[in-house]
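Q: Can we go through the charged pairs and the cysteines here? Short answers are fine.

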Amino acid sequence: QVFNVCRGIDFEPVKETQGALTKSITAFKSFPRTGVDESRKWISLLATDISKRVEQDTKRNNRFPKICTIQYICESSQTGGHPG
């Protein structure tokens, strides 16, 4: 059985999860190195998108996020394009 599971083969029937709520709301944008004004535009768009989705989820499910994570990675040409 481990042999099959390691290869993504699973013969157990799919179980329906009615009423299960997602645990996260994600917004992501990847773009080449850009100026401050362009970055502000994208950050504003992402923040607006997340805010609307959180507001909808709060109304539908009577819950509000406890954690907000923001990640910024700047690729440097000195590191060969890898985060550094």
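A: A term to fix beforehand: buried means under 20% relative accessible area, exposed means over 50%, and partly exposed is in between (1.4 Å probe, protein chains only). On that scale Glu55 is partly exposed, with a relative accessible area of 47%.

Q: What sort of model is this, and how are residues numbered?
A: This is a predicted model, where local features need pLDDT of at least 70, side-chain atom pairs count only at pLDDT 80 or more, and totals for chains, interfaces and linings use all residues. Residues are numbered from 1 along each chain as its sequence is written, and side-chain values use heavy atoms, with hydrogens and water left out.

Q: How many salt bridges in the whole structure?
A: The search finds 4, a salt bridge being a side-chain nitrogen of Lys or Arg within 4 Å of a carboxyl oxygen of Asp or Glu.

Q: Which residue does Lys59 pair with?
A: Lys59 forms a salt bridge with Glu55, and their closest N and O atoms are 3.5 Å apart. Both residues lie in helix α2, 4 residues apart, about one turn of the helix. Helices here are DSSP runs (H or I, at least four residues), numbered from the N terminus.

Q: And is Lys59 buried or exposed?
A: Exposed, with a relative accessible area of 67%.

Q: What about Arg53, which residue is its partner?
A: Arg53 forms a salt bridge with Asp49, at 2.9 Å between the closest N and O atoms. The two are 4 residues apart in helix α2 (residues 36-61), so about one helical turn separates them. Arg53 is partly exposed at 29% relative accessible area, and Asp49 is partly exposed at 32%.

Q: Where does Asp57 sit?
A: Asp57 lies in helix α2 and is buried, with a relative accessible area of 17%. Asp57 also forms a salt bridge with Arg63, the closest N and O atoms being 2.7 Å apart. Arg63 is partly exposed, at 28%.

Q: Which residues is Asp57 in contact with, leaving aside neighbours within four places in sequence?
A: Ile25, Asn62 and Arg63, where contact means heavy atoms within 4.5 Å.

Q: Changing topic: how many disulfides?
A: The count is 0, taking a disulfide as a pair of cysteine sulfur atoms within 2.5 Å.

Q: Is Cys6 buried or exposed?
A: Cys6 is exposed, with a relative accessible area of 61%. Cys68 also counts as exposed, at 69% relative accessibility.
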